[in-house]
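Reader: Could you walk me through one part of this model up close? I'd like to hear how a pair of helices packs, and then what lies around that spot.

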Amino acid sequence: MKIIVDNKIPYIKGILEPFADVEYYAPADINREVVCDADILIIRTRTRCNRELLDGSKVRYIGTATIGYDHIDTEWCGKNGIVWTNAPGCNASSVGQYILSSLLSLQERKDFVLEGKVIGIVGVGNVGRIVADYCRMVGMEVLLNDPPRARLEDSTCFVSLDEVAKECDIITFHTPLNKSGMDCTYHLAGADFFSRLRKRPVIINSSRGEVVDNRALYNAYQSGNVSEMILDCWENEPDVDDVLLSNVFIGTPHIAGYSADGKANATRQIVQAVSRWMGISIDTSLIQPPAPVFPDIDLSLCSDNILASAVLATYDPRNDTAALRAAPGTFEKLRGEYGLRREFNAYTVHHAVSRDIELLQKLGFQVS
Ligand SMILES: NC(=O)C1=CN([C@@H]2O[C@H](COP(=O)(O)OP(=O)(O)OC[C@H]3O[C@@H](n4cnc5c(N)ncnc54)[C@H](O)[C@@H]3O)[C@@H](O)[C@H]2O)C=CC1
Ligand SMILES: O=C(O)C(=O)[C@H](O)COP(=O)(O)O
């Protein structure tokens, strides 16, 4: 059994070796020649799994250590007997941390108080649910848009995309990239959507670049229909539109899901899926992220917004924005060499005053 593994997937080295020949490659080097005699591929979003890569190969199983799977031609794989799996929900909390910290950074600017603002969440799956919870916790009103769920569940919980466009101060996209079908999301936010905005919202995209028509977004920003842009995913990654990048409030290189917790979850889920497929049993409990460098957050030094201080101490997206702005051409390098980021539950806050303790605990912080 031969397994090819993307060498940017952390915490996996040594785990599959007792059961198979395992070879590690940079994503750019995972090509037809490399995969031809492999049985299993363990990849990320950077390997397009389609006829061009796989036709004539021995590959029978693909595991992607990611939530999204738009890089896999699922129809072609299905027709050609290739089983695949993703890692649902693995880094959903990481994206939640990204969105909350981006919103709290925005709040630090004068006159953008989050409490009382209306946020529209488009796509309410693993990520959208967490974002909705966090936004309610900070006193925002939340509108949910998810037509596939609305068809199956109590549709009164959901609103139309038109209502989101008209009523929201902030709109955030958390759908998969669907290129066709009744729930097509390609350019879901296009010129028509932006023309229906009424409240000059902040637009956030951390789903896939192509869910938002980047040109139409920029035009809406230029004309004043959009007040701020927060972008983690871009059309034509890794070639980011320089003009867009210089105008966004937060602009990051597709790292919203890059907490070490999310990466470890992804590795664990994929190792479990692969081992099930191979009919073997592997102990994945040792796949754990390292502790944060500074696990203690002292709130006695923070006078103003306690929540923002605690959240931004775990992750401040303005640092990733500055790094990308300084060198847009290093988009993939910044992702490949991403530093250690841990989620809220890896931190203990000290000297929180009693009125903040419940909220901090709900977010997952340890409180001393
Ligand atoms: N920037 C990053 O680092 C990351 C990006 N992602 C992206 O976020 C997406 C969402 O992740 P999850 O919430 O975990 O996926 P999920 O599959 O749990 O939820 C997606 C939701 O979108 C809904 N949806 C589908 N089509 C829709 C449409 N046309 N309009 C509105 N809603 C629609 C689905 O019904 C579902 O409830 C992923 O597919 C991936 O592309 C995920 C993780 C990290
Ligand atoms: O999980 C997803 O879906 C994502 O978009 C990832 O966070 C990006 O994953 P990589 O392919 O860069 O590992």
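Author: Sure, with the reminder that this is a predicted model. Let's start with helix 4 (residues 92–107) and helix 12 (residues 306–314): their axes come within 9 Å and cross at roughly 130 degrees. An angle over 145 degrees would have counted as roughly antiparallel, and 65 to 115 as roughly perpendicular, so helix 4 ends up oblique to helix 12. As for handedness, helix 4 goes past helix 12 in a left-handed crossing.

Now for who touches whom. On the helix 4 side you'll find Gln97, Leu100, Ser101, Leu104, Ser105 and Gln107, and they meet Leu307, Ala308, Val311, Leu312 and Thr314 from helix 12. Sort the residues of that contact by character and you get six nonpolar, five polar and no charged.

Helix 4 has another job on the list, too: along with helix 5 (126–137) and helix 6 (147–152), it supplies at least two residues of the shell around ligand 1. That shell comes to 34 residues, and the closest to ligand 1 are Gly68, Gly123, Gly125, Val127 and Gly257. Here the mix does include charge: the shell around ligand 1 has 13 nonpolar, 16 polar and five charged residues.

For wider context, an unreviewed UniProt entry annotates residues 113–256 as "domain: D-isomer specific 2-hydroxyacid dehydrogenase NAD-binding". In the model, the C-alpha atoms at the two ends of residues 113–256 sit 23 Å apart, and the span is 31% helix and 17% strand.

Note on methods. Residues numbered from 1 in each chain as written. Chains lettered and ligands numbered in written order. Predicted model: local features only at pLDDT ≥ 70, side-chain atom pairs only at ≥ 80, totals over all residues. Axes fitted to C-alpha atoms, helices over the stretch in contact; angles between N-to-C directions. Helix = DSSP H or I, 4+ residues; strand = E, 2+ residues; numbered from the N terminus. Parallel < 35°, antiparallel > 145°, perpendicular 65-115°, else oblique. Left-handed = near helix turned anticlockwise from the far one by under 90°. Contact = placed C-beta atoms within 7 Å. Nonpolar A, V, L, I, M, F, W, Y, C, P; charged D, E, K, R; others polar. Near = placed C-beta within 6 Å. UniProt positions renumbered as here; feature names shortened; annotations may be inferred.
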